[in-house]
Amino acid sequence: MPVFVATTQRGLGAALAEEISSLGGRVVKSNDRQVQFESNWKICYKINMGCSIASRILLTILDFNVYKPDDLYHHLQQHDFTKYIRPDQTLKVSAKVTNSHAFRDQRFLAQKTKDAIVDQFMDKYDQRPDVDNENPSLTIVIKMVDTKVSVALDTSGNPLFQRGYRRKQAEASMKENLASGIVRASSWKQSANLYDPMCGAGTILIEAARWAKKMYPGLHRRFAFEHWKTFQHDAYEEVFQELRNEECSTPLRFFGYDIDSRAIEMARDNAKAAGVDDVVEFKQLAIKDFKAFEEKATVITNPPYGERLGTVEELMDFYNQLGEIFYQLKNWDLWILSGNKDLPAKMRLKAQHRLPVWNSEIECKFLHYPIY
Ligand SMILES: C[S@@+](CC[C@H](N)C(=O)[O-])C[C@H]1O[C@@H](n2cnc3c(N)ncnc32)[C@H](O)[C@@H]1O
């Protein structure tokens with residue numbers, strides 16, 4: 001059975017493993033940023049189409065050691081790369097080197113890898129695929145750490161977090177898979193209406209609403225595996241229909257507020273493009289006017305935290321004010337994603353859980369405050 005690796009934003013490995021199992025993958029092992037799983041190709045297509053937390057799904061093909069440059073060529077010849085694409089299609093090599101004596105830098109590794117693969121096509125067809133770094137039919141991902149080399153093929157193509165609904169983006173927008181990952185890692189589990197009082201482009205609420213309506217993220221995009229000779233069109237069509245038929249309505253409602261009217265406009269456009277404007281409402285509102293609009297609900301929010309918006313000094317007072325506002329939300333559940341380790345303490349609320357998670361390069365904490 002093929003072995004795949006799903007990658008994600010650091011910190012979301014556990015939530016990703018759960019999602020992959022629910023889509024039919026057999027999880028072999030996971031760490032905080034990737035999940036190794038076994039499945040047949042049909043399930044791989046389903047995971048590419050249905051997984052909301054993964055960034056990419058890679059097919060593992062080779063693992064070996066390299067002590068001198070020639071070893072690489074020899075090992076790459078153990079795998080037949082001509083079975084994936086025709087010589088008139090295109091390829092790309094994405095290489096990463098850490099600490100290797102045999103290969104000085106990643107360009108050299110990428111070059112040698114490409115040469116070895118191209119030779120296979122020349123031997124068989126007397127014709128070779130061209131390199132296309134923008135839109136290749138086949139991307140080979142090669143990683144070298146010391147002498148250890150792993151080679152994989154990217155089955156996804158464009159990263160899976162590019163859902164296509166975010167035509168405009170607020171300055172500090174989070175990636176769609178991070179938003180989905182924190183929503184799923186929280187205790188909300190579709191148990192109550194959901195609020196984001198500092199919603200920016202609305203990513204958290206849009207991802208939560210799509211989850212509630214069982215709208216799978218990859219039904220309207222193309223994948224790298226569709227360009228391969230090994231593509232099983234019938235299996236793809238079957239899982240496509242299966243996932244599409246799951247779409248349903250939800251009794252839940254989602255409310256997003258932001259002080260910035262442009263962000264609200266953007267969030268409304270994004271929700272419409274994402275097909276959730278029937279359940280998500282956005283309104284311009286300053287946080288000082290936010291209160292318990294109903295008896296019991298959940299807040300998941302990502303307030304400004306200094307890296308991209310405002311200075312840390314200005315934000316100290318702001319978090320102090322946030323603490324007072326959130327303290328009024330009796331019986332609500334509150335989850336905050338913050339990229340500054342000192343600011344949340346200014347709220348003077350007691351966090352019950354802290355999940356470390358990375359927003360691109362920024363180390364954040366996802367904090368849970370049940371309000372009693
Ligand atoms: C880090 S961004 C949120 C990004 C959002 N999660 C997304 O994916 O687009 C923080 C948001 O808080 C909003 N904000 C800042 N001060 C505010 C205030 N006093 N009241 C309400 N919103 C505020 C900003 O306009 C910004 O959109």
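Start by selecting the seam between the two domains: 29 residues of domain 1 are in contact with 27 residues of domain 2. Keep in mind as you click around that this is a predicted model.

To colour the two halves, use the domain assignment for the protein chain. Domain 1 runs over 3-154, while domain 2 comes in two pieces, 176-214 and 225-370. If you drop a C-alpha centre into each domain, domain 1 and domain 2 sit 32 Å apart.

Now pick the ligand and show what is around it. You should get 19 residues, and the closest are Met174, Ala201, Thr203, Asp258 and Ile287. Colour that shell by residue class and you'll see 13 nonpolar, 4 polar and 2 charged residues.

Which atoms of the protein lie 2.9 Å, 2.6 Å and 3.3 Å from the ligand? Go through them one at a time:

- Ala201: here a backbone N or O atom lies 2.9 Å from a ligand oxygen.
- Asp258: select the side chain, where a polar atom is 2.6 Å from an oxygen atom of the ligand.
- Asn302: again it's a polar side-chain atom, this time 3.3 Å from a nitrogen atom of the ligand.

With those on screen, switch on a surface for the ligand. On its own the ligand has 600 Å² of accessible area, and the protein covers 88% of that.

Last stop: the cysteines. How many disulfides does the structure hold? The count is 0. Select Cys44 and Cys51 to see why this pair doesn't qualify: the sulfur of Cys44 has its closest cysteine sulfur in Cys51, 11 Å away, and that is too far for a bond. The cut-off for a disulfide is 2.5 Å between the sulfur atoms. Try it from the other end and Cys51 gives you Cys44 as its closest partner, also at 11 Å.

Are these two cysteines buried or exposed? Cys44 is buried, with a relative accessible area of 0%, and Cys51 counts as buried too, at 1%.

Conventions:
Residues are numbered from 1 along each chain as its sequence is written. This is a predicted model: local features need pLDDT of at least 70, side-chain atom pairs count only at pLDDT 80 or more; totals for chains, interfaces and linings use all residues. Side-chain values use heavy atoms; hydrogens and water are left out. A residue is near a molecule or strand if one of its heavy atoms lies within 4 Å of it. A polar contact is a pair of N or O atoms within 3.5 Å; within protein, one must be able to donate a hydrogen and the other to accept it, and residues adjacent in sequence count only if both atoms are side-chain atoms. Accessible areas come from the Shrake-Rupley method with a 1.4 Å probe; for residues, only the protein chains shown count as cover. Ala, Val, Leu, Ile, Met, Phe, Trp, Tyr, Cys and Pro count as nonpolar, Asp, Glu, Lys and Arg as charged, and the others, Gly among them, as polar. Buried means under 20% relative accessible area, exposed over 50%, partly exposed in between (1.4 Å probe, protein chains only). Domain bounds come from an automatic or database domain assignment. Contact means heavy atoms within 4.5 Å.
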